[in-house]
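Trainee: I've got this one open on my screen. Could we walk through it together, one question at a time?

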Amino acid sequence: MSWLSPTLQVLLVEALWETVVMVGASAAIAVAFGLPLALLLHVTAPGGLSPNALLNRPLGLVVNATRSTPFIILMVAIVPFTRLVAGTSIGTGAAIVPLALAATAFLARLFENALREVDRGVIEAARAMGATRLQIVVKVLVPEALPGLVAATTVALVSLVGFSAMAGAVGGGGLGDLGIRFGYQRFMPEVMATVVVILILFVQGLQSLGDWLVRRLSHR
Amino acid sequence: MASHRPLPRVPLPGQPDRPAPDAIALDGVSRRFPGGAVALDEVSLAVREGEVFGIVGRSGAGKSTLIRTVNLLERPDAGAVRVLGLDMLALDDAGLRAARRSTGMVFQHFNLHTRRTVAENVAFPLEVAGIPTAERRARIAELLPLVGLEAKRDAYPAQLSGGQKQRVGIARALASRPRILLCDEATSALDPETTRDILALIGDLRDRLDLTVLLITHEMAVVKAICDRVAVMEAGRIIEEGRVFDVFTRPAHPTTRSFVAEVIGLDVPEATLARMPPPPPGTIRRLAQVLFTGPHATCPLVSEASRRFDLDINIVSGRVDEIAGEPFGVMALAAGGSAGQVGAAFAWMRELGLIVQELDR
Ligand SMILES: Nc1ncnc2c1ncn2[C@@H]1O[C@H](COP(=O)(O)OP(=O)(O)OP(=O)(O)O)[C@@H](O)[C@H]1O
Ligand SMILES: [Mg+2]
């Protein structure tokens with residue numbers, strides 16, 4: 001990267017690391033919260049394992065509301081919450097909070113779709129064999145949906161890379177932030193180009209990894 | 001397979017001829033789905049221990065709903081369900097799960113776990129029942145040879161043929177040593193030859209493991225191949241029921257008749273009929289299918305009828321077959337003569353116990 005000054009090279013590596021941290025941490029949180037949420041939505045849906053409209057409706061509403069709020073607005077709207085959780089509202093750590101929240105809602109829906117793809121016949125067979133509801137969820141639903149869950153996570157990771165660039169605008173750092181500050185505001189096209197290429201490679205890598213994992217996991 | 005059944009059934013001393021108790025007894029079972037469809041309309045049914053009982057009917061007749069009420073995958077709105085003497089509707093959750101383990105179920109689309117190998121699929125009901133790993137392994141080692149799948153133990157369902165998948169389904173259904181096997185269209189996704197293999201396997205397992213089998217199908221050929229008794233369903237009701245041989249040879253209901261015709265009906269070759277000269281003036285020619293059961297010899301009957309009633313009788317086609325080990329003959333004949341005599345001849349044959357069905361053309 002001799003077209004960049006040594007200082008910029010250091011900044012670039014730092015920014016890449018920040019992006020990895022933001023995307024990785026928020027994705028991990030989103031999976032941790034999104035999967036139980038999706039299971040709850042799926043199981044309580046009409047015709048599910050234990051239908052419960054009283055739980056399903058409000059839950060679905062909250063998820064939808066979060067999903068339909070534009071990320072930039074969500075980020076600003078939850079600043080008090082972010083301060084409460086991260087102790088600050090600026091920086092990489094603070095950016096993880098809104099990213100994780102948006103990704104959780106996003107993933108919950110994607111996961112729910114993956115769960116819905118599971119063949120009802122297999123569930124029915126498990127019931128006929130005397131499985132409890134918990135056994136059906138743990139031993140049938142999740143394992144059968146696993147390739148779909150991984151594919152959904154890949155989609156979320158790729159979206160998070162894009163969102164993390166926006167988080168840069170509130171001081172979250174990362175590659176997007178670097179691109180804006182140097183490439184755009186200081187008019188250094190070579191920085192912008194480098195950032196874009198790295199982002200493309202990053203996304204490609206994530207996608208390929210996800211696809212490979214899905215192929216390994218599914219036996220269809 | 002001496003190890004399969006831990007408690008062999010021993011005839012009760014002093015009661016050698018006691019009739020076998022009902023393995024499955026449905027009494028006035030009704031089920032109406034929200035939206036109006038009456039899937040079951042006061043169905044009563046008794047499946048005896050050790051028999052293969054078939055339920056046949058057209059699509060939408062309520063067959064699946066019926067078999068699903070046996071292990072309460074479908075809860076009836078009204079009626080009683082007793083399985084092996086147990087009042088299923090009175091059970092709590094844990095009791096119901098235990099009862100379900102004593103009735104294996106086999107499905108049309110196999111319903112295997114795509115991400116589990118053959119061995120892992122068969123292990124599933126044992127896992128669910130909390131059987132320890134070592135015991136599970138031992139059980140799988142006896143189950144796979146039973147269905148001829150030792151070589152495929154580590155294959156995934158996607159790598160198996162339809163017939164092999166159903167063998168996995170059967171092994172899985174038998175894993176927890178059930179005494180009842182429920183089969184919902186178990187062969188409907190298979191080709192005719194594989195269907196025969198799977199039915200032979202089910203029949204063989206019934207004998208070896210002392211199973212009671214309740215089997216649903218829309219194909220009379222399946223009933224003919226394996227069932228002892230059969231019930232015919234239409235619009236949520238059982239319209240006819242009896243020993244397979246009786247239902248096949250003496251169907252009472254028109255729907256049953258059309259089902260039976262699929263299997264034992266005769267093709268009357270159009271060309272043969274066309275080649276026959278027109279009946280002489282003043283006479284008629286009627287076509288009838290005649291079914292012989294029991295000791296009748298066909299030829300003397302035809303020539304005797306011909307002589308007695310002064311008829312010309314052509315045998316258009318004929319064949320001898322058997323149902324559940326009982327032989328029967330069926331033939332199509334064209335009887336020509338005066339209208340009165342033809343009718344009298346058919347009546348005479350019926351009196352002799354033949355089943356005469358006039359074929360319209
Ligand atoms: N879950 C359901 N909700 C509403 N209606 C249903 C449901 N399941 C079955 N039915 C209706 O009940 C009737 C009987 O269905 P059932 O599946 O028992 O028929 P079947 O004899 O098994 O048919 P097939 O041979 O096509 O499998 C049909 O009219 C069907 O549309
Ligand atoms: Mg059906």
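Mentor: Sure. Start with a definition: a polar contact is a pair of N or O atoms within 3.5 Å. Keep in mind, too, that this is a predicted model.

Trainee: With that cut-off, how far is the polar side-chain atom of Thr65(B) from an oxygen atom of ligand 1?

Mentor: Thr65(B) is listed among the residues around ligand 1. The limit for a polar contact is 3.5 Å, and the side chain of Thr65(B) meets it. Its polar atom and the ligand oxygen are separated by 2.5 Å.

Trainee: Which residue puts a backbone N or O atom 2.9 Å from an oxygen atom of ligand 1?

Mentor: Look along the run that includes Ser59(B), Gly60(B), Ala61(B), Gly62(B) and Lys63(B), which are among the residues around the ligand. Ser59(B) isn't your answer here, since its listed approach to a ligand oxygen is through the side chain, at 2.5 Å. The backbone atom at 2.9 Å belongs to Gly62(B).

Trainee: Moving on to chain A, what pattern does it follow along the sequence?

Mentor: Chain A has 9 helices and 0 strands. Its C-alpha trace spans about 70 × 40 × 25 Å along the principal axes. Read along the sequence, the pattern is α-α-α-α-α-α-α-α-α.

Trainee: How much area do chain B and chain A bury between them?

Mentor: On the chain B side, 24 residues are in contact with 23 residues of chain A. Carbon and sulfur atoms give 54% of the buried area. The total between the two chains is about 2,100 Å².

Trainee: Which three residues supply 29% of the area that chain B buries against chain A?

Mentor: No other three residues of chain B supply more of that area. The trio is Thr114(B), Arg115(B) and Val128(B).

Trainee: And how far apart are the closest N and O atoms in the salt bridge of Lys139(A) and Glu127(B)?

Mentor: The interface of chain B and chain A has 3 salt bridges, along with 11 residue pairs in polar contact. A salt bridge needs its nitrogen and carboxyl oxygen within 4 Å. For Lys139(A) and Glu127(B), the closest N and O atoms are apart by 2.7 Å.

Trainee: How many charged residues are on the side of chain B that touches chain A?

Mentor: Three elements of chain B, α2 (93-101), β6 (103-107) and α3 (118-128), each supply at least two residues of that side. By class, the side has 10 nonpolar and 5 polar residues. The charged ones number 9.

Trainee: Within chain B, how far apart are the C-alpha centres of domain 1 and domain 2?

Mentor: The domain assignment puts domain 1 of chain B at 22-263 and domain 2 of chain B at 270-358. Their contact takes 9 residues from domain 1 and 12 residues from domain 2. The C-alpha centres of these domains lie apart by 40 Å.

Trainee: Which residues supply 61% of the area that domain 1 of chain B buries against domain 2 of chain B?

Mentor: The two domains bury about 870 Å² between them, with 62% of that from carbon and sulfur atoms. No other three residues supply more of the domain 1 share. They are Lys224(B), Phe245(B) and Thr249(B).

Trainee: Which residue meets Glu326(B) in a salt bridge?

Mentor: The interface of domain 1 and domain 2 of chain B has 2 salt bridges. In the one you ask about, N and O are 2.4 Å apart. The partner of Glu326(B) is Arg243(B).

Trainee: Last one: which helix gives the largest share of the side of domain 1 of chain B that touches domain 2 of chain B?

Mentor: Both α8 (244-249) and α9 (254-264) of chain B supply at least two residues of that side. The largest share is 4 residues, and the helix that gives it is α8(B).

Methods
Residues are numbered from 1 along each chain as its sequence is written. Chains are lettered from A and ligands numbered from 1 in the order in which they are written. This is a predicted model: local features need pLDDT of at least 70, side-chain atom pairs count only at pLDDT 80 or more; totals for chains, interfaces and linings use all residues. Side-chain values use heavy atoms; hydrogens and water are left out. Domain bounds come from an automatic or database domain assignment. Contact means heavy atoms within 4.5 Å. Buried area is the accessible area (1.4 Å probe) that two parts lose on being put together, summed over both. A salt bridge is a side-chain nitrogen of Lys or Arg within 4 Å of a carboxyl oxygen of Asp or Glu. A residue is near a molecule or strand if one of its heavy atoms lies within 4 Å of it. A polar contact is a pair of N or O atoms within 3.5 Å; within protein, one must be able to donate a hydrogen and the other to accept it, and residues adjacent in sequence count only if both atoms are side-chain atoms. Ala, Val, Leu, Ile, Met, Phe, Trp, Tyr, Cys and Pro count as nonpolar, Asp, Glu, Lys and Arg as charged, and the others, Gly among them, as polar.
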